[in-house]
Amino acid sequence: MEELEMQVSQIEQLIANGDFVGLEEFLNELNISEVEELIDELPEHGSLFIESLNLNRAVNVFRILDFPTQNRIFKKLSKAKISALINELPPDDRTSFFSEMKDDIKHLILLLPPKDRVEALALLGYPEDSVGRLMTPDYITVKAHWSIERILGHIRRYGKDSETIDVLYVIDSNGKLIDDIRIKDVLMAEPETIVGDLIDYRLISLNAYDPQEEAINIFRMNNRVALPVVDGQGVMLGIITVDDILWVANEEYTEDMQRIGGTEALDEPYLDVSIKNLVKKRAGWLIVLFLGQLLTATVIEHFEEQMASAIMLFALMPVIISSGGNSGSQASTLIIQAMALGEVTLSDWWRVMRREILSGLLLGLILGALGFLRIMAWQSFAHSYGEYWVLVALVISLSLIGVVLWGSLMGSMLPFVMKRLGADPASSSAPFVSTLVDVTGLLIYFTVATLILKGVLL
């Protein structure tokens, strides 16, 4: 932190003195992550930093910035720097940047040479959240009949333009992917060895139209730095590298956490979101939750007259509501996370339901026993519940069992319903589940109370 403060101080001094040559030298000596931190600390000078860096470093800094920062800087860059930057950005990063641009990007695509222009339009033609949007066409392919010696010569000639040379891809004469081989295996083999001798046919590939979420799970389950992308006929189209997947995984995680918290996903960092947009993102869910709570009030009003003679039941109502909401929130959070990690799919709904029935029942019995003991303890010391305290304790115990069981079922099944409808399971957020369980929980509570206490206290 102290080092960053010193760097900020030096930068401000150089800018104040108009020493832009010194600024250029200073920035070009830093790691790109340090330049990114300086842009965060001094956002008003972000475009100046990118202008000052040599082109290669400017590209590497620009590609690790979040889109709002990229967009803010991009609008202030000189035409020459914009053209150079767009042309030097790796295809996958360029596609990602173009995808986020709200303005017309035709004039930017026209800055590219014809070959790159066709490539950019092809990548932008894939669905927004598909694997095709993440892939890069910069990779090394070899043929099965090539020798190791020929491969090494091929890498020396074309390797500098590849996203990675850690993995080489074996294709046939029609461009179909046969297998991939690690550079380690190539380097360890004898010069006269043929590529075909290194093939093991344990190939893992992605389809260009696969959802990005699926790619994240495949990378998670396999120790790969890159995976090939093919079309429906198995023709190789590009590769996806693990750095791009980590970026997408972080975005997915952030969106899920925001939705679980009961708000729409923010499209940019919190501090960059305007108050207007922040209110807009949060208001929708708050209104839905408020309307849900109005239903809770309606249920209470409906039973108010019946419960008037057993006022202690209203005092115990928060215990029932919170227990059901908490069990539902727990279940929904666990299932949403399991879905995100690929541990649970739609076909597992029955297994999940059976587990939640059992666990919800056991949890309800635990809380029900504690509720009974609480009534018994208060009755012993303060005689708070009168001669029918056992019946009151029974109402609380049975209600807790029912509400916790119901909350667990609702919380676990709602993500499956959302997924089946094509929505994000994270939309079945904890506040939403809690509000839903509040209404149904009160119905269970008051129904149990009416059945047990009718003719006694009611």
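## A tour from a helix crossing to the annotated spans

Helices α8 and α10 are oblique to each other, and this pair is the place to begin in what is a predicted model. Select residues 91-100 for α8 and residues 114-124 for α10, and look along the pair: the two axes come within 10 Å and cross at roughly 60°, an angle that falls in neither the roughly parallel class, under 35 degrees, nor the roughly perpendicular one, 65 to 115. The crossing of α8 and α10 is right-handed. To see the contact itself, show side chains for Pro91, Arg94, Thr95, Phe98 and Ser99 on α8, together with Asp116, Glu119, Ala120, Leu123 and Leu124 on α10. Colouring these residues by class gives 5 nonpolar, 2 polar and 3 charged.

Next, step back along the chain to Leu89, which sits in the loop between α7 (79-88) and α8. Is Leu89 buried or exposed? With a relative accessibility of 3%, Leu89 counts as buried, because the cut-off for that class is under 20%. Displaying its surroundings, and setting aside residues up to four places away in sequence, you will find that Leu89 touches Val59, Phe62, Arg63 and Arg94; Arg94 also belongs to the α8 side of the contact with α10. For a distance across the sequence, pick the C-alpha atoms of Leu89 and Asn56, which are 9.1 Å apart in space although 33 residues separate the two in sequence.

Now move to the N-terminal helices, selecting residues 2-16 for α1 and residues 20-28 for α2, whose axes lie 9 Å apart and pack at an angle of about 155°. The two helices are therefore roughly antiparallel to each other, and α1 passes α2 in a left-handed crossing. On the α1 side the residues to display are Gln7, Gln10, Ile11, Leu14 and Ile15, which meet Gly22, Leu23, Phe26 and Leu27 of α2. This contact has 6 nonpolar and 3 polar residues, with no charged ones.

Finish with the annotated spans. An unreviewed UniProt entry carries the annotation "transmembrane region" for residues 283-300, 307-325, 357-376, 388-409 and 430-453. Two of these are worth selecting in turn. Residues 357-376 are 100% helix and 0% strand, and their end C-alpha atoms lie 28 Å apart. In residues 388-409, the end C-alpha atoms lie 32 Å apart, and the span is 95% helix and 0% strand.

How values were computed. Residues numbered from 1 in each chain as written. Predicted model: local features only at pLDDT ≥ 70, side-chain atom pairs only at ≥ 80, totals over all residues. Heavy atoms only, no water. UniProt positions renumbered as here; feature names shortened; annotations may be inferred. Helix = DSSP H or I, 4+ residues; strand = E, 2+ residues; numbered from the N terminus. Axes fitted to C-alpha atoms, helices over the stretch in contact; angles between N-to-C directions. Parallel < 35°, antiparallel > 145°, perpendicular 65-115°, else oblique. Left-handed = near helix turned anticlockwise from the far one by under 90°. Contact = heavy atoms within 4.5 Å. Nonpolar A, V, L, I, M, F, W, Y, C, P; charged D, E, K, R; others polar. Buried < 20%, exposed > 50% of the residue type's maximum accessible area, 1.4 Å probe, protein only.
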